[in-house]
Amino acid sequence: MILPINNIKNSINFSADSNPKDKKTLEYDHDTLLPNNPYTYTRIGMDKLTNAFTLYPAKGLKGSKNANFYEFLTMGTVPYLIGSAGLMAVFNLANRFFSPFDKVQASKTGQKMALGVLFYGIAKSLSKQLISRPVNMLTGVDTDRPYAKVIYELPDNINDTDITSIEYHKVFESVEFPRWDLLYGDETKGQKRNYRYDKIAKKLNMGKNLNDSDQETKPRIKEIIVKSSLAKSISSYMWAATGVALAFQQPWEDYFKAMTFKFWKPQEFLKSLNVFGNSFVRSAKNLYKGEGNGVTKHAGKILLGLAVLSSVLGVVNTVAGARKSPKSSDIIKPNEKHVVS
């Protein structure tokens, strides 16, 4: 089996000046698997957001030969945030032109609209964990596992020493070409080469101590990636819709009256947080109980039920197929002749 060359320990530096003081200190000197935890994703998110507003647009505008598709996609965050802020502003900035009564009514709608935009983004993002976390626990496949990719860029001029950049990707970002190499253990650190694949094989009921657990599990891992991706797409939009519906409940009006972000006034700020928690609980109850008659009264229950069901069925569909043990009759047909060459 031929594996790609990886884990290059020494970074490559194209420079006309060999002075060590001018060399860039890399956070990573080779493609590195990162832990999947809130700290890592917060750090990655801040890095990508900062670059999306500063570094990447500058490279594109000056026609840098190192600008790439990853940077283009990362900059998609900019219009998303600006559009969200614009949507919030549309329903709030014109209030001062209304009569006092109309201003109050418009403010209520505008504030709920702004909260709906916020809840939409949060619910759509966090709901994906309702699929990936259970799938990881039940199969051992972390579909969201991030890694840092080291990019060696072309020098813009002969004195350019800063020609490396870091991109953040996911191991299973591509279904056809996952980064299998990053999942192998580092034998220099006493790790078994296939120890991650061994764990996956065990959870998928494929047995223990397999000779080639990596080759045995890869087809099933691909199946898990495809099914979980579909489940995330469906589930995330259902939860996003639920978040918007939650934001339009009447109890939020109490929070808007007490709302403040002046954390330097702890008493007022803590009171605001307390009212937020109470409004959230009451709004959730209102959404579930509903108002009116017929379908209208049960609309909240139906929406919430569909969101929960989409997550549960997504996990079940992903895990059930992957953990199904193949029957011997599916592998060997005793009534047919087999020739081994």
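**View 1. Asp 31 is a buried acid in this predicted model.** Its relative accessible area is 17%. That value falls under the 20% limit, so Asp 31 counts as buried. Asp 31 forms a salt bridge with Lys 149. The closest N and O atoms of this pair are 3.9 Å apart. The bridge links distant parts of the chain. Asp 31 sits in the segment before strand E1 (32-33), while Lys 149 belongs to strand E2 (residues 146-152). The two residues are 118 residues apart. Lys 149 is partly exposed, at 25% relative accessible area.

**View 2. Asp 31 also meets Arg 179 in a salt bridge.** Here the N to O distance is 3.0 Å. Arg 179 lies in the loop between strand E3 (164-170) and helix H7 (195-203), and Asp 31 in the segment before E1, so the pair ties together parts that are 148 residues apart in sequence. Both Asp 31 and Arg 179 are buried. Through shared partners, salt bridges join Asp 31, Lys 149, Arg 179 and Asp 181 into one network. The structure has 11 salt bridges in total.

**View 3. Asp 198 pairs with Lys 192 in a salt bridge.** The side chains meet at 3.6 Å, N to O. Lys 192 has a relative accessibility of 54%. This is over the 50% limit, so Lys 192 counts as exposed.

**View 4. Phe 69 and Phe 72 form a stacked aromatic pair.** Their ring centres are 5.8 Å apart, and 20 degrees separate the planes. Both residues lie in helix H3 (residues 69-74). They are three residues apart, about one turn of the helix. Phe 69 and Phe 72 are both exposed. The structure holds 12 aromatic pairs.

**View 5. Trp 252 and Tyr 255 form an edge-to-face pair.** The ring centres lie 6.2 Å apart. The planes stand at 80 degrees, so the pair is edge-to-face. Both residues belong to helix H9 (residues 252-258). They are three residues apart, so about one helical turn separates them. Trp 252 is buried, at 0% relative accessibility. Tyr 255 is buried as well, with a relative accessible area of 8%. Ring pairs link Trp 252 and Tyr 255 with Phe 119, Phe 256, Phe 276 and Phe 280 in a cluster.

**View 6. Two basic side chains sit over tyrosine rings.** The charged end of Arg 193 is placed over the ring of Tyr 184. Its distance from the ring centre is 4.0 Å. Lys 301 lies over the face of Tyr 288. In that case the distance to the ring centre is 5.1 Å.

**View 7. Ser 228 is a buried residue of helix H8.** The helix covers residues 213-247. Ser 228 has a relative accessibility of 1%. Leaving aside neighbours within four places in sequence, Ser 228 is in contact with Ile 131, Thr 143 and Thr 318. Val 316 is 88 residues from Ser 228 in sequence. In space the two are 9.9 Å apart, C-alpha to C-alpha.

**View 8. Asn 68 occupies the loop between helices H2 and H3.** Helix H2 spans 55-61. Asn 68 has 28% relative accessibility and counts as partly exposed. Tyr 56 is 12 residues from Asn 68 in sequence. Their C-alpha atoms are 9.2 Å apart.

**View 9. A nonpolar patch lies on the surface.** Val 295, Ile 302, Leu 306, Leu 309 and Leu 313 form the patch. Together they have about 470 Å² of accessible area. Leu 309 lies in helix H11 (residues 295-322). Leu 309 is partly exposed, with a relative accessible area of 43%.

**View 10. The whole chain has 12 helices and three strands.** The chain has 341 residues, and 33% of them count as buried. About 21600 Å² is exposed, with carbon and sulfur atoms supplying 62% of it. Among contacts with a separation of 6 or more, 66% come from residues 24 or more positions apart.

Key
Residues numbered from 1 in each chain as written. Predicted model: local features only at pLDDT ≥ 70, side-chain atom pairs only at ≥ 80, totals over all residues. Heavy atoms only, no water. Patch = residues over 30% accessible without salt bridge, like charges linked within 9 Å, V, L, I, M, F, W, Y side chains within 5 Å. Areas by Shrake-Rupley, 256 points an atom, 1.4 Å probe, with all protein chains shown as cover. Salt bridge = Lys/Arg side-chain N within 4 Å of Asp/Glu carboxyl O. Helix = DSSP H or I, 4+ residues; strand = E, 2+ residues; numbered from the N terminus. Buried < 20%, exposed > 50% of the residue type's maximum accessible area, 1.4 Å probe, protein only. Contact = heavy atoms within 4.5 Å. Phe/Tyr/Trp six-rings, centres within 6.5 Å; stacked < 30°, edge-to-face > 60°. Lys NZ or Arg CZ within 6 Å of the ring centre and 35° of its normal.
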